[in-house]
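Biologist: Please choose one part of this model and examine it closely, explaining each term as you come to it. I should also like to see how that part is connected with the rest.

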Amino acid sequence: MSDNESHRDHFNFSECLLIVLALVALTLAVNNLSSGFASPLVWGGLLVTVISFVIFFKLAKQEGKAHIINISVLKNTSFNLGLLIYTFLQFIQISLTFVIPNLAQLGLKTSALTSGMLLLGSLLSALFGPVMGRLLDSQGFKKLFLIGSFLAMAGILLYIIFAQKLYIALIVIFHVMFMTGFSMMHNNSMTIGLQQLEVMHIAGSPYQGQSKQVVMGPQAAFIVLFIFTLLIFACVFKWITNRQAR
């Protein structure tokens, strides 16, 4: 067969099935975390998730077959760091869309309309997208990502510090701060990450009042999200170090 002649690969149903099984099991486990880790749906779901992914990666390493995902790209450290930053940012942003409206409506007793409008800061991502892309071209990677990671960390850290004293104006300020940092890194992390590839293939106590519990719950969530901002900063620092070492 000549180089210009097309050929058809068979769809890898086994790998597709393993991915579906892993994600369904993980979703069941997460949705039942309130029952505790002793729940069969939690530990069983996590176990099935791990086993499914282990088998998937073993199959994906086999040569001479068509694969759902070309895992050889994961050997590229720069690409992995970009992927981690992108994933962590997405996780935090999605979590905030759940935590903030519930905190405002149940903890601060605002209306459903007001609590929903607090998320309008997310529009900054769309508005700032072209601007941040241009800044990446003009200012370079290092400055943009360092400032972005600091803004993201600061926004979440301020949520933690003021969790017991939050009001609407503070929530808006902190959310805008995080979303500005988010916009600096989110799309740009994949832009730079993909450039590294030569080929592309597809807590509160039950004895406290309800409002107090609602406020302390998001505070615990913000602490978890802050840990992810620290991971993002670590990835940014490692990425910058790797690029300067070249």
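Modeller: A disulfide is counted where a pair of cysteine sulfur atoms lies within 2.5 Å, and by this rule the predicted model has zero disulfides. In general, a disulfide is a covalent bond between the sulfur atoms of two cysteines. Two of the cysteines may still be described by their surroundings. Cys16 has a relative accessible area of 28% and is therefore partly exposed, whereas Cys235, at 7%, counts as buried. Here buried means under 20% relative accessible area, exposed means over 50%, and partly exposed lies in between, with a 1.4 Å probe and protein chains only.

Residues are numbered from 1 along each chain as its sequence is written. Because this is a predicted model, local features need pLDDT of at least 70 and side-chain atom pairs count only at pLDDT 80 or more, while totals for chains, interfaces and linings use all residues, and side-chain values use heavy atoms, with hydrogens and water left out.

The protein has 246 residues, of which 37% count as buried. It contains eight helices and zero strands, and so its pattern along the sequence reads α-α-α-α-α-α-α-α. Helices (H or I, at least four residues) and strands (E, at least two) are DSSP runs, numbered from the N terminus.

The part chosen for the close look is helix 6, residues 141–161. The expected span of a helix is 1.5 Å times one less than its number of residues. For the 21 residues of helix 6 this gives 30 Å, and because its end C-alpha atoms are 30 Å apart, the two values agree. The buried residues of the helix are Phe141, Leu144, Phe145, Gly148, Ser149, Ala152, Met153, Gly155, Ile156, Tyr159 and Ile160. Seen down the axis of helix 6, these buried residues fall within an arc of 155°, so they line one face of the helix. The arc is that of the directions from the helix axis to the C-beta atoms. An α-helix has 3.6 residues a turn, so residues three or four places apart point the same way.

Where does this helix meet other parts of the protein? A first answer comes from the nonpolar cores. A nonpolar core is a set of buried Ala, Val, Leu, Ile, Met, Phe, Trp, Tyr and Cys residues joined through side-chain atoms within 4.5 Å. The largest such core has 42 residues, and those touching the most other members are Ile85, Leu96, Phe145, Tyr159, Met185 and Phe222. At least two residues of this core come from each of helix 3 (77–107), helix 5 (123–139), helix 6, helix 7 (168–195) and helix 8 (210–245). Helix 3 supplies the largest share, ten residues. Apart from this core lies another, of five residues, including Leu18, Ile19, Phe56 and Ala60.

Ile85 shows how such packing reaches Phe145. Contact means heavy atoms within 4.5 Å. With neighbours within four places in sequence left aside, Ile85 is in contact with Phe145, Met185, Ser189, Ile232, Cys235, Val236 and Trp239.

A second answer comes from the aromatic rings. Rings of Phe, Tyr and Trp (its six-membered ring) pair if their centres lie within 6.5 Å; planes under 30 degrees apart count as stacked, over 60 as edge-to-face, and the rest as tilted. The structure holds nine aromatic pairs. One of them joins Phe88 and Phe228, which are edge-to-face at 5.2 Å centre to centre, with 70° between the planes; both residues are buried. Another pair belongs to helix 6: the rings of Tyr159 and Phe174 have centres 5.5 Å apart and planes at 85°, so this pair is edge-to-face. Because Tyr159 lies in helix 6 and Phe174 in helix 7, the pair ties together parts that are 15 residues apart in sequence. Tyr159 is buried, with a relative accessible area of 0%, and Phe174, at 4%, also counts as buried. Tyr159 and Phe174 further belong to one aromatic cluster with Phe162 and Phe222.

Tyr159 thus brings these descriptions together. Tyr159 is on the list of buried residues of helix 6, is among the residues that touch the most other members of the largest nonpolar core, and takes part in the aromatic cluster.
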